[in-house]
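Please open the structure in your viewer and keep the selection tool at hand. The tour below proceeds one selection at a time.

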Amino acid sequence: KQDASPPPRVPCKPMPTKNNLLDSRQTKEKRSFCMVEKGTSLLKKMEISVAEAEKRTGKNAVNMQETYTVYLIETRPVDAASEGTNPVPDSLWRRYSEFELLRNYLLVTYPFLVVPPLPEKRAEFVWHKLSADNMDPDFVERRRVGLENFLLRVASHPDLSSDKIFYSFLTEENGWKETVFETGFQAKADSRLKALNATFRVKNPDKRFAEMKHYGDELQSVISQLLRVRARAADRLYGVYKVHGNYGRVFSEWSAIEKEMGDGLQSAGHHMDAYAASVDDILEEEEHYADQLKEYLFYADALRAVCRKHELTQYELEMAAQDLTSKKQQREELATGTIRTFSLKGVTSKLFGQETPEQREAKLKMLETQIEEGEELVKERNAECEEFVKSAWVDIERFKEQKDHDLREALISYAIMQISMCKKGIQVWNNAKECFSKM
Amino acid sequence: MSGSVVDNTVSSGNSSVAIPTDISGQILDIDEDDDLEVFSKDTTLSDGSSLNASMQTSSASMINQYKFEEEEEDADTKDIFVTVDNPESHVTAIETYITYRVETKTTRSEFDSSEFEVRRRYQDFLWLKGRLEEAHPTLIVHPLPEKFVMKGMVERFNEDFIETRRSALHKFLNKIAEHPIFSSSEDFKIFLTAGSGELTSHKKQGPGFLSRMGETVKAVAAAVRGVRGRPQEFTDMQEYAEAFSQKISSIDKVTQRIVREQKEYLEELKECGPTYALWSQSEEELAEPLKNVAGCVDKCCKETEEQVKHLNDHLIPVLHEYVLCADTLKAVLRRRDNIQADFEVKTEALATKKADRDADSKVLSLAWDSLVGRSPEEVKQQKQQKLKGEIKEMRDELDKVEDRLEWANNALKSDWTRWQKGMRTDLRSAFNDTAERNVSYYEKCLAVWESFLQSQRTDAEGNGNVDFS
């Protein structure tokens, strides 16, 4: 059931055998997706693909009829393919919302990792010919490719690939959802969202993370702008090509009234029709380029989330430290009897009289406990922070390398597309010129 | 639509002459001038020294004048070169107008010198066109650019408009110069050579206003009546003219639409380059390829701009000329029809008169005559004499019109063929150029992107960054 030909145009698909686009051109350079060199154990075991998409109808949560699309995930053991026996792959159907569930789980469970993004939920940056309808077959096809890309990204990540929930997503059709909910991640998910959206001031963020956050913002902004501009240009280019189709029609009609000019006009007209038709393929290829850009637009969001998480842990550390400091100060004041910091208690006790030594004793004891606990907390938080910074920075570096490689490949593939478009144009107009000269 | 097509239903200004005065001059010239390629290779006219303006020549020999040979307009045989350039603005109390320099270089002996330089304004071109049409109502005069501004233009004298007009005027004069009949026109010669004062006084000559009016009234009457027995070939031409008009207008519109869409595409594309450049500022490793891509996109923008300009400056004006030509074709056919209608009217009138003559003499009103005291025989004689006289006049008139009609038909047929050849050459060349330009456009863009790929390849080899395994 698996396609004999490799799945079309997944950006930087990390299959060991797939060469990058520059290879297919002329040179013997072999540039491989750097992930594969390190090679996760998961990918060494199995091949993963999202092979098909299908429409289903069913009852939703509020018992209403709905139509939705499901995607077929196929997995196959790697050695079987190399043996050449080609057995039937294992497969199961998942819908987009289950992918979303998986991703949310990963976000919550691995806040220090830049989690690969899903393809867009709704079609954005659409130009007029493209449909914004989720049920449109072209959209579904591009989503299928995007989902496959997502799974491969996760499967090739050194940490994410060994996640159990991810594995069962790929292999266990029934009961997977329950398994996920059992992890209790939902509660963490809610608090995470809240925290990410909260406003707080961090005094000492790690400079690198601050810079990364800023970079993420810039990347998001510039890619959005690029996608917008590109979509508008695509729209216009479509118009230019299609209007040439009118030449075809009129030349044909005109050729009917001419004697010597007739043949030349007629055949030139055919080439004009071909020219007009060629834009469909050209722009379809450009959509794949747009999809590659979109992936990194959404990646920017994931990057930003990691930086925010760092800020959060840093903030919590700072809060704990601050709390500890104030508690220590209170102890000092209580011990020495001097009030250095303003406290309501202090004022009221001044107004309404001092406390008894027993009360003071009790208070001091409580403070001591609190300070002990506070020191533990600070130590914990500090460790957390350090741990977070360490692991997150490793992943950010990995992400940077991946991004530089992938986007460079994307630019190269864009250039190749432009070249292909130019070659088609040269051919058509040379043909037309020949026809015109015979007029 | 066009203010420049003078739909001159005034039949040849000199109605008493079968041969327009222009040609008569040339007939005399043939002796002195061996430039026979311009006319026909027919030698029957070579002893035309005894000919004068009043036509006893049969139509048959006149027809030969219009046999335009195939090989005529070779570049080697071209003996007159006309250029229109150097527009200059003139401001007077009443108006502002533009004049153009018209330079002529020629070896023709009817010109006093071999080089001329004059300044002419649009009105002068309009006058020349009118004169040529008057003299040769069924020959096809190449159109002039429009009199009035086209919609969308703000100012009458903006640079593009002036250049477009200059180019069209240049083409107009060259078409005249290439035309075997027109290029020998006296008006044409004066247009090319006369000083402005001389030109003004020459313009004042020509058939008076009243006689023109008289002709027009007659022509309108004939036009209203319509032609009855139009030969099939002219009906075919009519159909062709209609169809051609439609097709060429469509192509004109399509081309204009393409230009519009290209311009809008260009506007969007212009924003792409700067966006890539902006992005490169946030990147380290990617900065170089991004800047490179930005440069490539900008270069493609430049190429697109050039390509649009070429369409605008070369293809569109030619298409536009032929849209106007289509109208000229229809006008020429109309005028021919009017001449034929005139002929038919006069034929009918003559037949009626003859019928009158042959009518029974009993019809003559004897009653009145006996009252007057003349004998029936006398009256009959008088009436017969009168009729005979009238019939002779009408016969003569009819002969002239018949000649004119035959002349007009042959002139039209020959010029039609000539025009079609010219049209084919012009349009083929224009489309060919456009296709070539488009190929060149894509080739240049191709080179831009290939150089980008090249740079990325050498870059990759240079850095140790990428893992080649």
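**An enclosed strand in chain B**

Begin with strand 2 of chain B, residues 96-106: nine of its eleven residues are buried, so the strand is largely enclosed by the rest of the structure. Buried here denotes under 20% relative accessible area. Please bear in mind throughout that this is a predicted model.

**Its pairing with strand 1**

Next, add residues 80-91 of chain B, which constitute strand 1; this strand runs antiparallel to strand 2 of chain B, and ten bridges join the two. For one point of register, select Val82(B) and then Thr104(B), its bridge partner in strand 2 of chain B. Now display what lies between the two strands: four residues separate strand 1 from strand 2 of chain B, and the two strands form a hairpin.

**Its pairing with strand 3**

Keep strand 2 of chain B selected and add strand 3 of chain B, residues 115-121; seven bridges join this antiparallel pair. Which residue of strand 3 of chain B is the bridge partner of Tyr100(B)? Selecting Arg120(B) shows the partner in question.

**Chain A as a whole**

Finally, select chain A and colour it by secondary structure: 13 helices and three strands are assigned in this chain. Of the 439 residues in chain A, 49% are buried. Switching to a surface display of chain A brings up an accessible surface of about 22,100 Å², with 51% of that area belonging to carbon and sulfur atoms. To conclude, consider the contacts in chain A between residues at least 6 apart in sequence: 76% of them join residues at least 24 apart.

Note on methods:
Residues are numbered from 1 along each chain as its sequence is written. Chains are lettered from A and ligands numbered from 1 in the order in which they are written. This is a predicted model: local features need pLDDT of at least 70, side-chain atom pairs count only at pLDDT 80 or more; totals for chains, interfaces and linings use all residues. Side-chain values use heavy atoms; hydrogens and water are left out. Buried means under 20% relative accessible area, exposed over 50%, partly exposed in between (1.4 Å probe, protein chains only). Two strands pair if DSSP finds at least two bridges between them. Contact means heavy atoms within 4.5 Å. Accessible areas come from the Shrake-Rupley method with a 1.4 Å probe; for residues, only the protein chains shown count as cover.
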